[in-house]
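The following is a short walk through one protein model. Have the chain open while reading, and follow the sheet, a helix, the cysteines and a pocket in turn.

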Amino acid sequence: MGQDAASRHVPVMRDRCVELMAPALDHEGAVAIDGTLGMGGHTEALLERCPLARVVGIDRDEQAIALASERLVRFGDRFVAHHATYDDMAGALATAGVGAADAILLDLGVSSLQIDEPERGFSYAQDAPLDMRMDRSEPRTAADLLREEDEREIARILKVYGEERFAPRIARAIVRRRETAPLTRSTELADLVLEAMPAAARHAPGGHPAKRTFQALRIAVNRELEVLDRAIPAAIEAVGVGGRVVVMSYHSLEDRLVKHAFAAGAEIDAPPGLPVVPDEAQPYLKLLTRGAEKASAEEAEVNPRSKPVRLRAAQRLRPTPPSRRRRDA
């Protein structure tokens, strides 16, 4: 099964992630947190490149943890898994027995495991139950959401999380359809979205018209933006001085949250023109990337799932002043 995980999963921007994290992991006792373990590709690369480091891998999907654990068994106690959502940095630190990490990686979005297994219902290209739960112990599926929410809320989800301009039309069609039979299958939803759109939009460039609807439902079912909004400040607070945080986003809503959190830490928090900037107003982060980096054209060709990625990284310069620390971090 370990080999199966390696063959099924191509880690996005693996070498760049390792390059950014490795300088903080070159000492005895170094600890990294892979907040989105998936099938363990990034963690494997870190453990190979950084022989002094241990890695705690967080994932909400128990199947992913099982696959990754078999893949990484050769590293012994240098790897340990933590079943949780990736905002649980405190739990990961406790698992490692340390007060701060040296490097943290977040590879956001849906994993290859979840996309490739039809029964998970993440893909509009394969017929499956409308599930979309990353953690199958959670009670609410995408089918439940479409059956229970009113038209206005469904439209809001599609517009905000999927940036779908035809959200009201699709929401109206979903509510109309459930009057006779609720949507329960992925292909049913994909066909309904196609029919609800104006004819001219059905063949527009950018992939299947249902792609944005499926993205929106996945985000809503798994409360991804809520988790991310907690996870970024939690990751920043979980690294010690000199520690590094690397985040890969796959759509604009994610990237915006990451960009703002990093920018806030890299700015001087004082009025312009002060002769001396007080310590508490000094930046506590240093940006390690100029804007958001993308996968190379070569990688995007070999691994199409890397095409939308936006990578940002930052290094902690000093502790966050209490006045600038988020209460939920």
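A residue is called buried when its relative accessible area is under 20%. The model to which this cut-off is applied here is a predicted one.

Start with helix α3, which spans residues 41-49. Seven of its nine residues are buried, and the helix is mostly covered. The buried ones are Gly41, His42, Thr43, Glu44, Ala45, Leu46 and Leu47. An α-helix has 3.6 residues a turn, so residues three or four places apart point the same way.

Next comes the sheet. Strands of a sheet pair through backbone hydrogen bonds, either parallel or antiparallel. Here seven strands form an open sheet with mixed pairing, in the order β3-β2-β1-β4-β5-β7-β6. At its edges are β3, residues 79-83, and β6, each of which pairs on one side only. From one strand to the next, the twist averages 20°.

Within this order, take β1 and β2. Strand β1 covers residues 31-34, and four bridges link it to β2 in the parallel sense. One facing pair here is Ala32 and Val55, the latter in β2. Strand β2 itself runs over residues 54-59, and five of its six residues are buried, so the rest of the structure largely encloses it.

Further along the order lies β7, residues 310-316. Is this strand largely enclosed, or left open? Six of its seven residues are buried, so the rest of the structure encloses it to a large extent. Strand β7 has a partner in β5, residues 239-249, with which it runs antiparallel over six bridges. Across from Val247 is Arg312 of β7. Strand β7 also pairs with β6, residues 285-287, again antiparallel, through three bridges. In this pairing, Leu285 stands opposite Arg316 of β7, and Lys286 has Gln315 of β7 as its bridge partner.

The cysteines are the next topic. A disulfide is a covalent bond between the sulfur atoms of two cysteines. How many disulfides does the model have? The count is zero, by a rule that asks for two cysteine sulfur atoms within 2.5 Å. For Cys17, the closest cysteine sulfur is that of Cys50, and at 12 Å it is too far for a bond. Looking from the other side, the sulfur of Cys50 has that of Cys17 as its closest cysteine sulfur, at 12 Å, so no bond is possible at that distance. Are these two residues buried or exposed? Cys17 has 1% relative accessibility and therefore counts as buried. Cys50 is buried too, with a relative accessible area of 3%.

Finally, turn to the second largest pocket, which holds about 240 Å³ of space. Its lining is made up of 17 residues, and those nearest the centre are Pro233, Ile236, Ala261, Tyr284 and Arg326. Two helical stretches can be followed here: α12 (224-238) and α13 (252-266) are the elements that give two or more residues to the lining. Which element gives the most? That is α12, with six residues. By kind, the lining of this pocket divides into nine nonpolar, three polar and five charged residues.

Notes:
Residues numbered from 1 in each chain as written. Predicted model: local features only at pLDDT ≥ 70, side-chain atom pairs only at ≥ 80, totals over all residues. Heavy atoms only, no water. Buried < 20%, exposed > 50% of the residue type's maximum accessible area, 1.4 Å probe, protein only. Pairing = 2+ DSSP bridges. 1 Å grid on protein atoms, 1.4 Å probe; cavity = no way out; pocket = protein on both sides within 12 Å on 5 of 7 lines; lining within 4 Å. Points joined across faces, edges and corners; volume = space filled by probe spheres on them. Nonpolar A, V, L, I, M, F, W, Y, C, P; charged D, E, K, R; others polar. Axes fitted to C-alpha atoms, helices over the stretch in contact; angles between N-to-C directions.
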